[in-house]
Each structure stands twice: as structure tokens, then as C-alpha cells.
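Visitor: Could you take me on a close look at one part of this molecule, and then set that part within the whole chain? I would like the cut-offs stated along the way.

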Amino acid sequence: MTRVVNNILDMTRLESGPVQLDMQWYPLEEIVGAVLGPLKGQLGKRSVDIDIPQDLPMLHVDGALFEKY
């Protein structure tokens, strides 16, 4: 429940404008790794195969916000 409330508060802050985003360029491999890391417990012994083409452009995101959600 706390996570849901915090998410709603963060979204409200983002929509109201005072939050300054720290946009930086990240390779997709880093983002996928950041997403899969916290899921290790839920994945158990299941493996996740990822095939990311080398020629994909980097993504322009706020890394801290992206990892948070």
C-alpha cells in the first residue's frame, strides 16, 4: 500500500512541474539489468534470455526514476 501511495505522490509531483528530471543516455543493456535485478527472487531458478541487437540507440531517461518504477 505504501508503494502505491508513494507512486501516486511521485506522479503528482511530476505532473505539477517542480520535479527536475536528470535525463541521461543509457544503453538498453543497463536498463534491462536494472529491471531484472530486483526480480531475482520472483524468478527463482527460471532463466531469462535476452537478445539485444548491438546497433540499438541509447535511451534518454532519468535513471533514478526509471529504476524506481
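Guide: Gladly! Let us begin with charge: Lys and Arg count as positive and Asp and Glu as negative, while His and the chain ends are not counted. The place of a charge is taken as NZ of Lys, CZ of Arg, CG of Asp or CD of Glu. On that basis the protein chain carries 6 positive and 10 negative side chains, and the centres of the two sets lie 14 Å apart.

Two notes on the source: this is a predicted model, in which local features need pLDDT of at least 70 and side-chain atom pairs count only at pLDDT 80 or more, while totals for chains, interfaces and linings use all residues. Residues are numbered from 1 along each chain as its sequence is written, and side-chain values use heavy atoms, with hydrogens and water left out.

Now for the close look, at Asp-62, which sits in strand S2 (helices, H or I, are DSSP runs of at least four residues and strands, E, of at least two, numbered from the N terminus). With a relative accessible area of 12%, Asp-62 is buried; buried means under 20%, exposed over 50%, and partly exposed in between, with a 1.4 Å probe and protein chains only. Its side chain reaches the backbone nitrogen of Asp-22 at 2.7 Å. That is a polar contact, a pair of N or O atoms within 3.5 Å where, within protein, one must be able to donate a hydrogen and the other to accept it, and residues adjacent in sequence count only if both atoms are side-chain atoms. Leaving aside residues up to four places away in sequence, Asp-62 touches Leu-21, Asp-22 and Met-23, where contact means heavy atoms within 4.5 Å.

From the other side, Leu-21 belongs to the loop between helix H1 (2–16) and strand S1 (23–26). Leu-21 counts as partly exposed because its relative accessibility is 41%. With the same sequence neighbours set aside, Leu-21 touches Leu-14, Asp-62 and Leu-65. The C-alpha atoms of Leu-21 and Gly-63 are separated by 9.3 Å, though these residues are 42 apart along the chain.

Stepping back, the chain has four helices and two strands, running α-β-α-α-β-α from the N terminus. Among contacts with a separation of 6 or more, 82% join residues 24 or more positions apart. Buried residues make up 10% of the 69 residues.
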